[in-house]
Amino acid sequence: MPRDYYEVLGVGRNAEDAEIKKAFRRLARELHPDVNSHDPDAEDKFKEAAEAYEVLSDSDRRATYDRYGHEGLRSGGYAPNFEAFGSVADIFEAFFGGGGGGGAFGDIFGGAATAEITLAQAQSGSPVNVSYEVIARCEHCNGNGAEPGTPIETCERCGGAGQLRAVTRTPFGQVVRAATCDVCHGEGKVPREPCKTCGGRGRRVERTKVSVDVPAGIADGQRIRIGGRGHAGERGGPAGDLYVQIRVQENPQFVRDGDDLVTVVDVAAPLAALGTTVTVPTVTDSLELEIPAGTQPHETLTVRGEGMPALRGRRNGDLRVVVNVVIPRRLNQEQRELLEQLAASLTDENLHSHEGVFHKLRRAFGA
């Protein structure tokens with residue numbers, strides 16, 4: 001009895017389509033035999049995941065499965081037949097489209113890496129060295145899959161055609177389809193003696209490095225595409241592109257809001273009333289900022305051009321400084337007496353504000 005489809009994909013029974021698709025893509029990357037060569041069952045596991053996705057991504061099939069299980073699908077005429085495909089690459093092509101290293105695994109399985117940078121690096125832009133795993137052409141056999149000095153012969157299984165004809169039974173009758181040969185993978189030829197380094201695949205997994213020019217102003221989660229540095233194409237096809245996802249480390253002093261940076265500065269209440277000058281941090285240094293007399297709690301002061309550069313544009317963002325008015329604590333006797341004298345001298349004119357209640361609430365909550 002096949003496993004539960006939800007268990008295969010690792011999702012709950014109430015999972016939405018996007019979650020199901022994401023889970024299948026993750027498994028596809030993990031189980032492709034070019035990457036998971038250490039697991040002899042990787043191909044079977046991928047076919048199992050592909051079957052689960054084929055059912056759960058179809059609303060009618062999923063409804064039947066949820067109600068009647070595997071028996072309900074079979075009685076309704078559904079019968080997965082992945083053996084009709086010549087190879088896992090063909091199944092990838094059926095689900096994801098394309099062909100070769102730049103397409104069949106291109107956007108879904110294609111080269112991917114992650115680079116972690118600081119906020120200062122994101123502000124200035126800088127080259128970053130990235131290490132990643134890539135499926136590269138085997139240098140030992142030059143990508144043809146044969147041990148050097150041994151011949152490549154016509155495939156006996158398909159007679160050199162590169163395709164097999166398979167008959168699939170469906171509720172509407174028999175369907176004849178041409179599938180890529182599972183022995184020669186569409187080449188029509190096979191090496192007499194497979195390459196000892198790559199096992200006849202013509203490609204192998206290796207770790208490599210690339211220098212990535214990170215543009216100034218890039219944000220966390222954005223990707224940089226580097227042409228031709230992804231996985232090598234099958235059967236000598238061109239390499240795909242490498243996508244480098246940028247992760248910007250959190251900075252405890254700043255919150256990023258688009259191209260603006262937001263920070264908080266503490267100012268004692270008497271100084272906020274009198275006005276003062278405080279030191280405010282920037283990404284790489286600091287600056288002196290004048291706090292006007294009578295500055296209220298959570299009031300925001302703006303320093304133009306001290307934010308992040310715009311990726312597309314000439315103007316930098318701003319640095320927004322939120323003033324946190326601090327009420328003094330643990331007063332000594334002299335301080336208490338001074339504050340009591342101040343409190344006794346205050347009038348309605350000192351405390352009157354022209355702001356309405358909604359404006360006060362918005363400022364209080366930082367809106």
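In this predicted model, helix H2 (residues 17-31) and helix H3 (residues 42-56) run with their axes within 10 Å of each other, crossing at roughly 165°. That angle is over 145°, so H2 counts as roughly antiparallel to H3. As for handedness, the H2 and H3 crossing comes out left-handed. On the H2 side, the contact is built from Ile20, Lys21, Phe24, Leu27, Ala28 and Leu31. H3 answers with Ala42, Lys45, Phe46, Ala49, Ala50, Tyr53 and Leu56. Sorted by class, the H2 and H3 contact holds eleven nonpolar residues and two charged ones, with no polar residues in the mix.

H3 also packs against helix H4 (residues 59-75), this time at about 130° and with the axes 9 Å apart. That angle makes H3 oblique to H4. Here Glu54, Val55 and Leu56 of H3 meet Arg61, Arg62, Tyr65 and Leu73 of H4. The tally for this contact is four nonpolar and three charged residues, again with no polar ones. Leu56 turns up in both places: it is part of the H3 contact with H2, and it is among the H3 residues that meet H4.

Further along the chain sits helix H9, which covers residues 333-345 and has 13 residues. From first C-alpha to last, H9 reaches 19 Å, close to the 18 Å expected at 1.5 Å a residue. At the start of H9, asparagine 332 points a side-chain oxygen at the backbone nitrogen of glutamate 334, coming to within 3.2 Å of that nitrogen.

Conventions
Residues are numbered from 1 along each chain as its sequence is written. This is a predicted model: local features need pLDDT of at least 70, side-chain atom pairs count only at pLDDT 80 or more; totals for chains, interfaces and linings use all residues. Side-chain values use heavy atoms; hydrogens and water are left out. Axes are lines fitted to C-alpha atoms, for helices over the stretch in contact, and angles run from 0 to 180 degrees between N-to-C directions. Helices (H or I, at least four residues) and strands (E, at least two) are DSSP runs, numbered from the N terminus. Angles under 35 degrees count as roughly parallel, over 145 as roughly antiparallel, 65 to 115 as roughly perpendicular and the rest as oblique. A crossing is left-handed if the near helix is turned anticlockwise from the far one by less than a right angle, and right-handed if clockwise. Contact means heavy atoms within 4.5 Å. Ala, Val, Leu, Ile, Met, Phe, Trp, Tyr, Cys and Pro count as nonpolar, Asp, Glu, Lys and Arg as charged, and the others, Gly among them, as polar. The expected span of a helix is 1.5 Å times one less than its number of residues. A polar contact is a pair of N or O atoms within 3.5 Å; within protein, one must be able to donate a hydrogen and the other to accept it, and residues adjacent in sequence count only if both atoms are side-chain atoms.
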